[in-house]
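The following exercises concern the chain shown below. Each task is followed by a solution that proceeds step by step.

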Amino acid sequence: MKRIIIFSIVLILSALNTVNAKVISNEKIDKAKLDNATKIITELQNDMKNYTKNGSGPFVAAIYDNKGNLIVKVANSVVNEKCSHNHAEMNAIKAAETKLNTYDLAKYNLSLYVTAEPCMMCIGGIMWSGIKAVYYGVPSKDVENITKFDEGFKPHWFKEFKKRGIIVYGNIEPELGKQELYRYMNEGKIIYKPER
Ligand SMILES: [Zn+2]
């Protein structure tokens with residue numbers, strides 16, 4: 001009986017590890033944070049088509065405070081607003097700063113949730129904004145494979161963020177996010193990138 005119990009515990013632990021195996025983080029994975037991020041990122045992925053049908057790019061971001069209150073939720077608007085900076089993360093940071101009337105979000109202890117890994121520009125934008133944690137869905141390599149967007153070069157950004165006190169969790173529900181990117185491509189929408 002004892003052996004069966006031990007065997008069952010091992011099986012349950014391996015199953016839990018499998019669930020979290022693909023999620024990567026620059027801190028020890030906290031289940032409560034991950035569960036909350038999974039719920040929010042799933043909602044953002046499910047909302048994607050409502051944004052893209054109105055001309056937005058296929059990336060959605062939201063900023064929440066540490067009590068779970070939504071501060072802002074926005075999409076990429078590079079094409080529809082004709083601005084190369086208007087990635088979802090940059091739009092979210094700008095909207096949060098406008099809403100909170102500040103240029104420094106650090107004192108608000110905010111987390112950014114986004115459907116795909118931040119690009120080179122957005123990593124810089126996040127770092128200078130004072131955002132304290134980043135949770136993302138689809139990794140850049142998959143975004144690039146599916147859409148041919150160029151995500152830039154980002155050496156050791158998990159480690160660099162950790163040094164600056166910024167938590168990162170990535171690869172959260174990536175399959176759902178990839179489906180939305182495939183949908184965008186299948187609809188023949190615009191792709192923009194820095195190579196000419
Ligand atoms: Zn970006």
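Helices here are DSSP runs of H or I with at least four residues, strands are DSSP runs of E with at least two, and both are numbered from the N terminus. The model is predicted.

**Exercise 1. Determine how many helices and strands the chain contains, and in which order they run.**

Step 1. Under that definition, the secondary structure comes to 7 helices and 6 strands.
Step 2. Read from the N terminus, the elements follow the order α-β-α-β-β-α-β-α-β-α-α-β-α.
Step 3. Of the 196 residues in the chain, 35% are buried. Among contacts with a separation of 6 or more, 66% join residues 24 or more positions apart.

**Exercise 2. Establish the strand order of the sheet and identify the edge strands.**

Step 1. Strands of a sheet pair through backbone hydrogen bonds, in either a parallel or an antiparallel manner.
Step 2. In this chain, 6 strands form an open sheet with mixed pairing, in the order S1-S6-S5-S4-S2-S3.
Step 3. Strand S1 (24-25) and strand S3 (70-75) are the edge strands, since each pairs on one side only.
Step 4. Within the sheet, strand S2 (residues 60-64) is paired with strand S4 (residues 111-116) in the antiparallel sense over 4 bridges. Ala61 stands opposite Val114 in S4.
Step 5. Helix H3 (residues 88-100) lies across S2, S3 and S4, and runs at about 145° to S3.

**Exercise 3. Classify the packing of H2 against H7 and describe the residues that meet.**

Step 1. Two packed helices are described by the angle between their axes and the distance between those axes.
Step 2. For helix H2 (residues 31-52) and helix H7 (residues 174-186), the angle is about 10° and the axes are 9 Å apart.
Step 3. Angles under 35 degrees count as roughly parallel; H2 is therefore roughly parallel to H7.
Step 4. From H2, the residues Thr42, Gln45, Met48, Lys49 and Thr52 meet Leu176, Gly177, Glu180, Arg183 and Tyr184 of H7.
Step 5. By class, this contact has 3 nonpolar, 4 polar and 3 charged residues.

**Exercise 4. Decide whether Met185 is buried, partly exposed or exposed, and locate its surroundings.**

Step 1. Met185 belongs to helix H7.
Step 2. A residue is buried with 20 or more other C-beta atoms within 10 Å, and exposed with 12 or fewer. Met185 has 14 C-beta neighbours inside 10 Å and therefore counts as partly exposed.
Step 3. Apart from neighbours within four places in sequence, Met185 is in contact with Ile146 and Thr147.
Step 4. Met185 and Pro58 are separated by 127 residues in sequence, while their C-alpha atoms are 9.4 Å apart in space.

Key: Residues are numbered from 1 along each chain as its sequence is written. This is a predicted model: local features need pLDDT of at least 70, side-chain atom pairs count only at pLDDT 80 or more; totals for chains, interfaces and linings use all residues. Axes are lines fitted to C-alpha atoms, for helices over the stretch in contact, and angles run from 0 to 180 degrees between N-to-C directions. Angles under 35 degrees count as roughly parallel, over 145 as roughly antiparallel, 65 to 115 as roughly perpendicular and the rest as oblique. Two residues are in contact if their C-beta atoms, placed from the backbone, lie within 7 Å. Ala, Val, Leu, Ile, Met, Phe, Trp, Tyr, Cys and Pro count as nonpolar, Asp, Glu, Lys and Arg as charged, and the others, Gly among them, as polar. Two strands pair if DSSP finds at least two bridges between them.
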